[in-house]
Every structure is written in C-alpha cells, then in structure tokens.
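Here is my note for your review, set out as numbered points. Please read it beside the model.

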Amino acid sequence: MKKYIIPALCLLMTLVTLTATAQQRAPYKTKVICGVVKADSWLSNNTREGIYELVLDDGSLTKLTQDKDVYQAPLGGAVYEDGKMKGVHFRTVWDDFDQTSSYILYHVEYDMETWTRTRAVTLGDMDRNYISSCGLAKTPLTGENYGIFYNFNMSWQVLNRKLATIDFTTDVPTRQIIGTLSTPMAAIAFADNGLLYGVGQDGYLYVIDTDATTESEVEVLPLGDLGIDNISTNPSSMTYNSRTGNFLWSVVLNNGKCCLYEVDPTLGAVSASLLMQSPDNAWLVNLYIPDPEAAEDAPAAVTNLAADFVGAATMGTITFTAPTTTYTGDPLTGTLAYMVEANGTEVATGSVEPGATATAQVTVEPGDVTFIVTVSNQDGVSPVAKLTTFVGSDRPLAPTDVVFDYNPSEKLAVLSWLAPTAGEHGAELNDDDLAYNIYLMPADTLAAAQLAGNRVELSFDPETLAAYYFKVEPLNAGVAGEPAVSNRAVVGPALNVPYTQRFATDASFDLLTVLDRNEDGISWQWDKNYGSSGGGRAYCGSNSDLEALANDDWLLSPPISLERGATYRVTFDANTYTGANVSYLELAYGQGLRPEGYDRVMNQLTIATPVTDTYTVNDIVPAATGVYYFGFHDISVPRYGALLLHQFTVTKVKDAPAIKGDVDGNGRVDIDDMNILVNIILQLATADEYDGRADVDSSGRVDIDDVNQVINIILAQ
C-alpha cells in the first residue's frame, strides 16, 4: 500500500534526537486510568461499565466507583485535563420508522477525584460528527485536544475521517478541522516531543502531521511495522509513558481478545511487545497514565493521618506517621520536614524522623476542613495525605414534623416542629444552643429570626389568597443547618358563596390544601383528564402494600365565608378510577387547618363505581359567622382505593333567621348592639336606620327596656 511521507526534515531530526535520548528509568508501579466497556465475566444483568485503575506490575484492575456508569467510558474518546475527564459518548438506537440504526451523542464530564458527573449534554443528530474512531489525544505543547473524527452523512454513513482539534469548554464542543486522513487509525497518542503518533489498522506505527493549514489530505509518516495484522475495529486506545519513552496500547484483536502492548517508537527499532492480555479480557478505552505524585527519591506519603478536636473546639491536634521509604521504595535516611495545610492555608510545620509519629497543634476556622500533610527531603516533596473532617459546632440536622396551622379569627400562622437531636456529623445537640430562622414561602422572606423553642405564632394576614408555607432553618450555636418546610396551606381573603371548583387546571388546584396525614407520600393530586370532557380532576390513590395504613388524606377547599344560622349545600361529583376500586370518603367542614376537629357532615360514603355520581349535603348550618374550610377525607383501604373528584360546589340554601337582639344585623348580639340602642335613646341615631330591629321588646318604642334585654341576651350567651 502507498505510505504518505511528510516532507519535513525537522520532523525526522526530532525523531532521531528524541530516540537517542530516550532511556529506561527505574522500575515503578505504573498505574493506568481507563474506561472498561466489556469483560468476559459480565453477564447481561451484572455489567460493570465505568472507570477503572489498571496496575501494570501486577495486572490488577480495580473499579474506582461502586455503580455502573457507561458514560464513564466514553466510546467517542476522552481526555484528562484540569482535574476532569471530558469526552463524547454515544449509544446506538433503532429507528422503527426508517428501520435503521442511528446514534445519540453525549458530551460528558467527570471530576477525577470523586468520579462524579459534572456535565451531561445531549448533542443530538445535528452534532453527529463528534465520534473519534481512535480515541482522543492531548498535545503536551499547547494543551489542545486532537481526534480523528468520522464524517457521517445524514444517513449515518461514513464518508471519510477528519483530523481535528476539539475544545470541551462549552456544552457543545468546538471542533476545528485540519484535514482529511485516509489511513485508518486504531489509536493515537502524543509523545512528550509534541508529535502525534498513530497505530494504523494495517499494523504500522505512524507519525501524523498536525501542522496542515487547509482542509486537505493529512500526511502521515510510517515508522515501522508492529507485526500485528489482526487488529479489529473494536475500541482501541493508546497513551504515552514518559518514564519509559514508549507507548502503552490496548487493542481488541479479531479473536475478541484485548491485549496490552508496549510500543517502542525508536526509529529503526519500532516494535510492539505484548505485556499481557487485559484482566478478565476487559476492553479498555481512554488510557491515561497520571503524572508521578512525587520524585523518585522524595519521601513516600505519610500514614495514619488523624485529627482530634474536642467538642466544638477549633483548636486541636493533627497526628501522622512519617514514611520509612522513598516514593519508589528505597529506605529513607535523614530528618524530614513536614507541613500541614487546612483548606489550603499552612497551619503547622516541623521536622520528624522516618517512621516516627508527629503531633502538630493547629487552629482552624470552623466548618468542613480538609487537612493535607506532606513531608519533604532534599529530593522533593512527598505525595499528599488528605483528611477531611468537621471542626466546631456541628451543623444541625433538619427539624422534623413541621406543621403550619392557621387561626383565621386571630389572623395567626401557628408553626410547630420537632427539634433535631443530632448534627450532620453525629454530634449530640444541646437545646440551649438551638435557635431557628423562619421564612415565609414561596417568597422566601424572613418572618422571624433566632427563635427559641419549637412553636411560634406569627401575625399573618396576606392580602392575596394563595398557597403559603414556611421554612424552618435550624441554628446550632449560630451554625445553620438544612431547613425543613411545612405543609402548604391556602390562606388569604376568604371567598364568598356560591363557590365552585372544577379542577380545570393545575393552577386552580393550587388553591386547595392537601394534607397527607398518614405520611405515605400518596395523597390528593391534580390529574389531567384526557377524556372527551377535557379539563382535569382531583385524584387520590392508595398504597399498594396491603400492610400499609389506610388512607388519611385531606383535600381542603379555599377559605370560604359562612354566616351563622344560614343553611348551605355542598354538591360534588365523584367516582372510582376503575371498577375494581372501592373508596371511602368523608365530608367535613370547620375553621383552621386541622381538619381532625371539623364537623362531619357525611360519614364513610362508599364509592365503588367508575361511573360518575353526584352527591349532595343540604343542611350545613354554621354555629358562628366566620371563615371555614370544607374537607374531603379519603379513608380508603390499601391497594383498592383510587378516587376521582370532578367538581364540588358550595351554595347558600337559606338565609339565617333574624336573631333577637342583633340590632346591627351582624349575626351576633354584642356590645355594639347595646351601644346603638343607647345612641338611639340619646337621639344620636334614628331607629328606622335599623329596620325596626332597635325595638327589641316590640313595645313600639326604643327605651331602656330594650337595652336591658340586650344585656340579658349577652349575659346568657
């Protein structure tokens, strides 16, 4: 086959010079970070895709995270930079319409310390040309990332391959095409000299020209035949080992075996030496050899690092054991210097003999503190030893059972909760150190600060009828913990009858209060009705566990003004979700948001048909004028309940009869009525302003007897 020769004398000179100076360094444990996409021991129900550490010296392969995560092994290539792994993953999907396979592409990013995902962006069909057929490579000269990317047409057919740079700093990576590369590559990697090497599918080692200035054919320089002619098109990856001057190459052969080779790029002596078949025949992608943590003769890391802080004290001690060997395992001699950092700030220094235990007294700021300890000698600084602990007053856990009740007559929000007993780090809390900040939600405005105890009454008379709730933030000696929120409740100016709720939208449902009294997470919710009637409905299911408690779920109306002595009617339409459901419903009404004390006006109504029925209660007579809530109480048994409520209406059937002594007609006999009578007697008002009601004893005149009669009625009440 034809090989493309790069007409650049400087390239050949660089190769000769670096080959002459490359040398084998002292042996050490080579640790390789890689993704694993397949292994022989995996079955369909126990796949373990993710990020692994491979130790070449003993052939061990260890998963760095517990859970399976296919995105940690991006098939489109990945690079390691700025403490992050960044790459492109793809998966195959079947299109039923076109009866063809296509791909979904993802830009993913992981923190390399915790291996938690920090970015996941779906690129979609318009960004289809982000799959590098041979992995990605980072040049040590400029930090740019290179790949050889498939150039697909709209039918996902490969037209050619493009050498390009790729920038992962934005959600949609930016590619800059260099040119077309006709020689298919199995894997690519940069050497420390800044040259891009590639192993071709034909088994040759190449140098790839990255200096092209137009999107033309990219030239390649063949360095030699590696002697491997059964390279498959399955995932392959290569990385440079700066300590040996050679490449580490993982390749899946045509027989399905994944092998690791050491590739020597020396001009005139190009070769591939088999190191091992990968453990468990794992297919490896995105190989990466991290830089050494220390110089060879620098000390190894300290051990037995511990922190001791008593109670809430911010002064404590750090202890550790100094190493006895160098980073590469040779015996250490001479005194070592140590340094202790806390959250990046130096807090202690000193000296210690190899193998001795050191103790350093430190003072730090309260909170989560990461201590880093290193020791050093004339040859360098050891790898870091790290310990994270909490110092000072512990952050309290969130309070529990936060309940928001409302007293409409006094216009008071009544909040109660259970205090936390422990902190996030297990410290036992002292009630005397606990206080609370109260926030009105959803505006998130501070309603009260530094409150003691676990109950508070707050003046609350909002101008707008809406669903409100409160957030309770605990403080332990001033240290804030996670807040907890109360139930939501609809509070504000009461509505007048007639009132109708048809559940037309989810916004209309927001004016209802839902109370999940058995706290099983299953309660009333708005359910869109896709049937011919459109609109929506209220739905309450039941727990599927037969051992669970029966439903105890309330759906409360908005606050509604009712008059003492007047007669009201409630009608509602309800049915079960299916014919297999049997639901039990109570209807009650009362004041405040604690429906347990409401008056029942319908007890344990059985609803056992999917056909909607209308139910009516005609004789609701409030004992006092005020603001009331109507509550629908689902008490269905587990598994069988599934209740639908389509609408409910509250109307006045009959006005309240006149109350003897109620001179001003406000529905009660009180001191105001007596004052009116006195004013009429003193001729400060006229009796006809009160429609004759001022003549309480019906004597035909307003006099002191009427006053006495009103006084007697008040006393009798």
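The points below take up confidence, one sheet and the cysteines.

1. This is a predicted model, in which local features need pLDDT of at least 70, side-chain atom pairs count only at pLDDT 80 or more, and totals for chains, interfaces and linings use all residues. Residues are numbered from 1 along each chain as its sequence is written, and side-chain values use heavy atoms, with hydrogens and water left out.

2. The mean pLDDT (the predictor's confidence in each residue, from 0 to 100) is 89 for the protein, and 92% of its residues reach 70 or more. Over residues 1-14 pLDDT stays under 50, and the model has 31 contacts (heavy atoms within 4.5 Å) for them beyond four places in sequence. Residues 16-27 also have pLDDT below 50, with 13 contacts beyond near neighbours in sequence. Where pLDDT is low, the predicted coordinates should not be read in detail.

3. An open, antiparallel sheet is formed by three strands (DSSP runs of E, at least two residues, numbered from the N terminus) in the order β22-β23-β26. Because β22 (303-308) and β26 (357-363) each have a single partner strand, they stand at the edges, and one side of each is left without a neighbour in the sheet. Strand β23 (residues 315-321) pairs with β26 (pairing requires at least two DSSP bridges) in the antiparallel sense over seven bridges, and F320 stands opposite A358 in β26.

4. Zero disulfides (cysteine sulfur atoms within 2.5 Å) are found in a search of the whole structure. For C34, the nearest cysteine sulfur is that of C258, 9.0 Å away; C34 is buried (under 20% relative accessible area, 1.4 Å probe, protein chains only), at 0%. For C259, the nearest cysteine sulfur, again that of C258, is 6.8 Å away, and C259 is buried at 8% relative accessible area.

Methods:
Helix = DSSP H or I, 4+ residues; strand = E, 2+ residues; numbered from the N terminus. Buried < 20%, exposed > 50% of the residue type's maximum accessible area, 1.4 Å probe, protein only.
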